[in-house]
Amino acid sequence: MSTWANLGLQDSASPLMEQLIFFHDHAMLILVMITVLVGYLMFMLFFNNYVNRFLLHGQLIEMIWTILPAIILLFIALPSLRLLYLLDEINEPSVTLKSIGHQWYWSYEYSDFNNIEFDSYMIPTNELSTDGFRLLDVDNRIVLPMNSQNRILVAAADVIHSWTIPALGVKVDGTPGRLNQTNFFINRPGLFYGQCSEICGANHSFMPIVIESVPVNYFIKWISSNNS
Ligand code: CUA
């Protein structure tokens, strides 16, 4: 979860988010190098006294400064494509969770387990406990097993919503009449917070997501206690 003055990415809690952070750092490094080089060149132009009135073209330098940026862009495009296909891979999930966006709350269905279903509303500020997180905690959390592949199916009932958990590197649009799919692997226990990230109406800011990541045997206990 993001806390005060955290402007960067959250620590990853899944292998995919780890890869996303690596790619972000890689792209940022290239960006900084280009900015410094171009900034230096532009700054140095102020102090250049050389003038050549007959310089109208230079085939060689034009070739170099056209092809070189294209090659640099390839070093961003190819890792980006690798990551894109990695994010779309479904690795034999052991749990499937269906999440449906509504104005303005999420509802969840565990279709594999006797179709457990429940709504998940934000806890209003005046009902929050002292250790609760304002605009972020919900009344009914999603419980998912850690160290296993989870499949998430996302849809919406009214307008477009987006099911987003930054620490897990998940962001899937919930669209009415469609079923989107993604998967993730949580590699530690704990609470993971997310929010809707598709402008979906007046209370868009007030439909958070909370995942409770627990060991597999705890998950089985939870799922069987809900089945009776
Ligand atoms: Cu749902 Cu924004």
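**A walk through the model, starting at Asn-183**

The side chains of Asn-183 and Gln-149 meet in a polar contact of 2.8 Å. This is a predicted model, and that pair is a handy place to enter it. Asn-183 sits in strand 8, which runs over residues 180-185. Is Asn-183 buried or exposed? It counts as buried, because its relative accessibility is 3% and the cut-off for buried is under 20%. The polar side chain of Asn-183 also has a second partner. It reaches the backbone oxygen of Glu-89 at 3.5 Å.

Now look at what else surrounds Asn-183. Set aside the neighbours within four places in sequence. The contacts of Asn-183 then include Gln-149, Asn-150 and Arg-151. They also include Leu-87, Glu-89, Ile-90 and Asn-91. Leu-16 completes the list.

Several of those partners fall in a span that UniProt annotates. An unreviewed entry gives residues 1-91 as "domain: Cytochrome oxidase subunit II transmembrane region profile". In the model, this span is 66% helix and 0% strand. Its end C-alpha atoms lie 26 Å apart. The unreviewed UniProt entry also lists "transmembrane region" for residues 27-51 and 63-87. How much helix does the model show over residues 27-51? The figure is 76%, with 0% strand. The end C-alpha atoms of residues 27-51 are 37 Å apart. Residues 63-87 are 100% helix and 0% strand. Here the end C-alpha atoms are 36 Å apart.

Move on along the chain. For residues 92-225, the unreviewed UniProt entry lists "domain: Cytochrome oxidase subunit II copper A binding". The model gives this span 7% helix and 45% strand. Its end C-alpha atoms are 25 Å apart. Asn-183, in strand 8, has a number inside the annotated range 92-225.

Next comes the packing. The largest nonpolar core has 30 residues. Which members touch the most others? They are Tyr-110, Ile-142, Leu-144, Trp-163, Phe-184 and Ile-211. Take Ile-211 and leave out its neighbours within four places in sequence. Ile-211 then contacts Ile-142, Leu-144, Trp-163 and Phe-184, each of which is also named among the members touching the most others. Other contacts of Ile-211 include Ile-165, Leu-168 and Ile-186. Gly-190, Leu-191 and Phe-192 are in contact with Ile-211 as well.

The aromatic rings deserve their own look. The model holds 10 aromatic pairs. One of them is Phe-113 with Phe-219, an edge-to-face pair. The ring centres are 5.8 Å apart, and the planes make an angle of 80°. That angle is why the pair counts as edge-to-face: the label needs planes over 60 degrees apart. Phe-113 lies in the loop between strand 2 (105-110) and strand 3 (116-120), and Phe-219 lies in helix 3 (residues 216-227), so the pair ties together parts 106 residues apart in sequence. Phe-219 counts as buried, at 3% relative accessibility. Ring pairs extend the picture to a cluster of Tyr-108, Tyr-110, Phe-113, Phe-118, Phe-219 and Trp-222. Tyr-110 thus appears in this cluster and in the largest nonpolar core. Elsewhere, Lys-221 lies over the face of Tyr-218, 5.8 Å from the ring centre.

Stay with the loop between strand 2 and strand 3. Ser-111 lies there. It counts as partly exposed, at 38% relative accessibility. Once neighbours within four places in sequence are set aside, Ser-111 contacts Thr-96 and Lys-98. Ser-111 and Lys-98 are 13 residues apart along the chain, yet their C-alpha atoms are separated by 7.3 Å.

The backbone here has some unusual angles. Most residues other than glycine have a negative phi, and most peptide bonds are trans. Asn-114 has a positive phi of about 55°. Asn-115 also has a positive phi, near 50°. Asn-114 is in the loop between strand 2 and strand 3, and so is Asn-115. How accessible is Asn-114? It is exposed, with a relative accessible area of 62%. Asn-115 is partly exposed, at 34%.

One last backbone feature involves Trp-104. A cis peptide bond joins Gln-103 and Trp-104, with omega about -5°. Trp-104 is found in the loop between strand 1 (95-102) and strand 2.

Notes
Residues numbered from 1 in each chain as written. Predicted model: local features only at pLDDT ≥ 70, side-chain atom pairs only at ≥ 80, totals over all residues. Heavy atoms only, no water. Core = buried A, V, L, I, M, F, W, Y, C linked by side-chain atoms within 4.5 Å. Buried < 20%, exposed > 50% of the residue type's maximum accessible area, 1.4 Å probe, protein only. Contact = heavy atoms within 4.5 Å. Phe/Tyr/Trp six-rings, centres within 6.5 Å; stacked < 30°, edge-to-face > 60°. Helix = DSSP H or I, 4+ residues; strand = E, 2+ residues; numbered from the N terminus. Lys NZ or Arg CZ within 6 Å of the ring centre and 35° of its normal. UniProt positions renumbered as here; feature names shortened; annotations may be inferred. Polar contact = N/O pair within 3.5 Å; in protein donor to acceptor, adjacent residues only side chain to side chain.
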